[in-house]
Amino acid sequence: MPTQIGELLVKENLITTEQLDVALKHQRQNGGRLGSILINLGYVEDDDITSLLSRKYGVPSINLTFFEIDPSVIKLIPIDVAQKYMVVPLSRVGSTLTVASVDPTNVFAMDDIKFMTGFNVEPVVATEASISEALEKYYGTAHSIELKKVYEQIAQGDKEGVDLDLEQSLENEEEISLDQLQRSSEDAPIIKLVNLILSDSLKKGASDIHLEPYEKDFRVRFRIDGILYNMMNPPLRLRDAIISRIKIMAKLDISEKRLPQDGRIKIRTSFNGKKKEIDYRVSSLPTLFGEKLVLRILDRDILPLDMSKLGFEEVSLKRVEEAILKPYGMVLVTGPTGSGKTSTLYAALNRLNTPETNIMTAEDPVEYNFRGINQVQIREQIGLTFAAALRSFLRQDPNIILVGEIRDFETTEIAIKAALTGHLVLSSVHTNDAPSTISRLLNMGIEPFLVATSVHLICAQRLIRKVCPDCKAEVKTPLQALINAGFSQEEAKSIHTYKGEGCKTCNGTGYKGRIGMYEVMEIGEDIQELILVGASAREIRRKAVEEGMLTLRHSGLAKIKAGQTTLDEVLRETVLS
């Protein structure tokens, strides 16, 4: 069939002999169907092949998009066979079963189906893309099909055998390919199920995996672009086995179920054709109905280290770069958990990381390792606190210090004194916006004159989802809604708004990826004066806006104007001030 279809396409002048040779070489090296390879290489269209086969073999062609198949007919061919031969049963009349196939000349496939069903098989030809869509539509997604298989194995398997495999050594698991994770036939069913969860999280671009036990069910959710999605509900009886398996991988104590624990899983995987290291930061928490696990996925390859690509407006980026290039002072990044503070701080460090600079960081936990930066993991249980680490840093001749988070008076006081004595200090703090960070520092007990003289810039931020580029379409937004959001009447009339319609790229959500909104407040002379006289956050905000600060809402509006996000996303994360 491969050579036949290639020769037919050459004979019909749809491809050249040279193109066929390239495709056949590609097939020998990588496998796959010749027709699909020719399509992927851009030599022919999907429809060219189906119409050619239809004419040559006198077999009708069909567009499955407009064809509804009776569920009772679908049941005639098992999913394994349908996937193996790329066929879909269409209809049954008497003793004849009509089957859509990518390759109607595959006599082995037709004989197998005839033997299995007991019907005469009448093939029609359809495109590979439409067959794949039909398989997903009628049999379920590849993910749900794999899950069903695993659940069946567990239901039929020997429980003792599963437990034995759960305890197996993990010495050989450091080098794991994505293909092995998904289809390892030698692993116990529980191991296969956990591998499936891990591999699926990578494919879907998740940032976190949540495994949540409840009274009557067990839920697995993925956080994708900041939103949690329910991915699967394994049987409740598998709860303990799944959690134990992950705890073993993370080197946690599986016998301790009453106290929270933290661990790490590190795997090397081949993903999208290249090798990469993935870290899963594992946190267990005892709840009413069992342990809840959250796995934070740390993938250095997707960590944005270029400050110009984080989403800063031009004026805001200029202010941040000027502040971090100063030889001393403090720069604070603020926002709630999951707002991208760590990414911004790491991007700033990456910008400053040169051979002549001594950079020291105190983090809890250290999420990514950087060459040329001295990183310290905080361990409060043995007395290595942020304050203790900072005191040691000052005896290590640093140029730049990063404090993962300012939490208490002692840490803040040492950091501010370091900023006043010739060091650049970067840190994060949990506040809602830039002006209220001043109030937070004063409430901690720091003197106003220390805050005014040490802090050079505060950057508040949020993450919002971006419109999927593959299904982006213009939508009409009511004029009043745009005005209420903060646009002027003139701007609202000229703005074009966009929304994702939902496609495979974005898993039907209309969003793909995230971008930051930033509120960058410089502490100039006028704001220093306001701090010294005890002005409120509202007064400080007013003065900052007068001096050109873009608020979080206005940063979001700029991204709506640029067609990067939707009004709903900006309204979800910001308030008009």
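**Note on cysteines, cores and an internal cavity**

1. The count of disulfides in this structure, which is a predicted model, comes to 0. The pair Cys471 and Cys503 illustrates the point: the sulfur of Cys503 is the closest cysteine sulfur to that of Cys471, yet the two are 3.7 Å apart, too far for a bond, because a disulfide requires sulfur atoms within 2.5 Å.

2. Two cysteines may be described by their accessibility. Cys471 counts as buried, with a relative accessibility of 7%. Cys459 also counts as buried, at 2% relative accessibility, and this residue is one of those that line the largest cavity.

3. How many cavities of 30 Å³ or more does a search of the whole structure find? The search yields 1, and the space in the largest cavity amounts to about 60 Å³. Its lining is made up of Val320, Ile324, Val331, Val333, Thr344, Leu345, Ala348, Leu426, Leu457 and Cys459.

4. Which elements each supply at least two residues of that lining? They are the helices α14 (314-324) and α15 (341-352) together with the strands β10 (329-334) and β15 (455-467). Helix α15 gives the largest share, 3 residues. In character, the lining comprises 9 nonpolar residues and 1 polar residue, with no charged residue.

5. The largest nonpolar core contains 52 residues, and Met330 and Met521 have the most contacts inside it. Leaving aside residues up to four places away in sequence, Met330 touches Ile406, Ala415, Ile416, Ala419, Val425, Ser454, Val455, His456 and Leu457. Of these contacts, Leu457 also belongs to the lining of the largest cavity. In soluble globular proteins, nonpolar side chains tend to be buried together.

6. Apart from the largest core lies another, of 31 residues, including Ile197, Val220, Ile224 and Ile242. Ile242 is also among the buried residues of helix α13.

7. Why may helix α13 (residues 239-249) be described as largely enclosed by the rest of the structure? The reason is that 10 of its 11 residues are buried. The buried set includes nonpolar residues such as Ala241, Ile243, Ile246, Ile248 and Met249, but Arg239, Arg245 and Lys247, which count as charged, are buried as well. Ser244 is likewise buried.

8. Just after α13, the backbone shows a further local feature: Lys251 takes a positive phi of about 60°.

How values were computed. Residues numbered from 1 in each chain as written. Predicted model: local features only at pLDDT ≥ 70, side-chain atom pairs only at ≥ 80, totals over all residues. Heavy atoms only, no water. 1 Å grid on protein atoms, 1.4 Å probe; cavity = no way out; pocket = protein on both sides within 12 Å on 5 of 7 lines; lining within 4 Å. Points joined across faces, edges and corners; volume = space filled by probe spheres on them. Helix = DSSP H or I, 4+ residues; strand = E, 2+ residues; numbered from the N terminus. Buried < 20%, exposed > 50% of the residue type's maximum accessible area, 1.4 Å probe, protein only. Core = buried A, V, L, I, M, F, W, Y, C linked by side-chain atoms within 4.5 Å. Contact = heavy atoms within 4.5 Å.
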